[in-house]
Amino acid sequence: MLYILNYYKLDKIQTTKILIMKRKSLISTLVVLFLFASTIVFALEKPTVKSNPEMPENVTAIIKKSCFGCHNTESKNEDAKEELDFKKLNTLSLMKQISAYKHIGETVEDNDMPPKKFLEKYPEKKLTSEEKQVLIAWAKKEAEVLVKSK
Ligand code: HEC
């Protein structure tokens with residue numbers, strides 16, 4: 001009888017131990033699951049990759065020289081501002097930014113910008129072919145980076 005009691009005690013201790021172990025592994029499983037889930041959530045919430053907010057200096061210089069006068073928030077040229085505001089470019093949705101960079105590349109490539117009338121008045125604002133290449137390459141790269149970040 002004593003033996004059985006002893007055996008029973010032992011068994012109880014062991015069961016408790018097993019229960020504790022089970023609980024421990026349950027907790028660690030939960031922790032692992034939580035970490036896993038938060039990694040996924042974090043990955044999904046990947047913030048929209050902003051286009052380089054700091055334009056390269058040579059690009060900034062060209063835009064300041066030939067575009068910024070019309071395409072900025074304080075511009076009095078409402079049409080130009082509405083089409084493109086270099087100051088607000090980074091705040092647009094991803095799709096609009098991509099489209100803006102594509103249009104920048106295209107208009108420069110086609111010699112549509114700066115407008116011809118404006119250049120008649122300010123011939124010094126005309127883009128040199130080197131400046132055109134810099135702008136086109138920059139706009140293309142920015143658009144590509146944004147497309148990849150989608
Ligand atoms: C004298 C003012 C002026 C200057 C300087 C100027 N733009 Fe414009 N831009 C406009 C106006 C006005 C519009 C809207 C009407 C139009 O499309 O012609 C426009 C439209 C645009 C558009 C939208 C066109 C489209 O089809 O989506 C882009 C892109 C653009 N400009 C880029 C530039 C770039 C790049 C420069 C500098 C190299 C520049 N602009 C210089 C006045 C200007």
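Which residues of H6 are buried? Leu-135, Trp-138, Ala-139, Glu-142, Ala-143 and Leu-146 are, where a buried residue has 20 or more other C-beta atoms within 10 Å of its own, an exposed one 12 or fewer, and a partly exposed one a count in between, with C-beta atoms placed from the backbone. The buried residues cover an arc of only 130 degrees around the axis, which puts them on the same side of H6; the arc is taken from the directions from the helix axis to the C-beta atoms. An α-helix has 3.6 residues a turn, so residues three or four places apart point the same way.

The model is a predicted one, in which local features need pLDDT of at least 70 and side-chain atom pairs count only at pLDDT 80 or more, while totals for chains, interfaces and linings use all residues. Residue numbers start from 1 along each chain as its sequence is written.

The chain has 6 helices and 0 strands, in the order α-α-α-α-α-α along the sequence. Helices (H or I, at least four residues) and strands (E, at least two) are DSSP runs numbered from the N terminus. Of the 150 residues, 15% count as buried. Among contacts with a separation of 6 or more, 63% join residues 24 or more positions apart; two residues are in contact if their C-beta atoms, placed from the backbone, lie within 7 Å.

Helix H6 (129-149) has 21 residues and reaches 30 Å from its first C-alpha to its last, close to the 30 Å expected at 1.5 Å a residue, the expected span being 1.5 Å times one less than the number of residues. On the other side of H6, Ser-129, Glu-130, Ala-137, Glu-144, Val-147 and Lys-148 are exposed. The cover over the buried residues of H6 includes helix H2 (57-66) and H4.

H4 and H6 meet again in the largest nonpolar core. This core has 16 residues, of which Tyr-101, Ile-104, Val-108, Leu-135, Ala-139 and Ala-143 touch the most other members. H4 and H6 are the elements that give two or more residues to the core. Such a core is a set of buried Ala, Val, Leu, Ile, Met, Phe, Trp, Tyr and Cys residues joined through C-beta atoms within 7 Å. Not counting residues up to four places away in sequence, Tyr-101 touches Ala-139, Glu-142 and Ala-143.

The ligand is surrounded by 19 residues, and Cys-67, Cys-70, Ala-80, Met-113 and Phe-118 are the closest; a residue is near the ligand if its C-beta atom, placed from the backbone, lies within 6 Å of it. Helix H3 (78-83) and helix H4 (94-109) each supply at least two residues of this shell, and H4 gives the largest share, 4 residues. By class the shell has 11 nonpolar, 6 polar and 2 charged residues. Here Ala, Val, Leu, Ile, Met, Phe, Trp, Tyr, Cys and Pro count as nonpolar, Asp, Glu, Lys and Arg as charged, and the others, Gly among them, as polar.

Thr-107 lies in H4 and is partly exposed, with 19 other C-beta atoms within 10 Å. Leaving aside its neighbours within four places in sequence, Thr-107 is in contact with Asp-112 and Met-113. The peptide bond from Met-113 to Pro-114 is cis, with omega near -10 degrees. Pro-114 is in the loop between H4 and helix H5 (116-121). Asn-111 is also placed in the loop between H4 and H5, and its phi is near 60 degrees, a positive value in a residue other than glycine.
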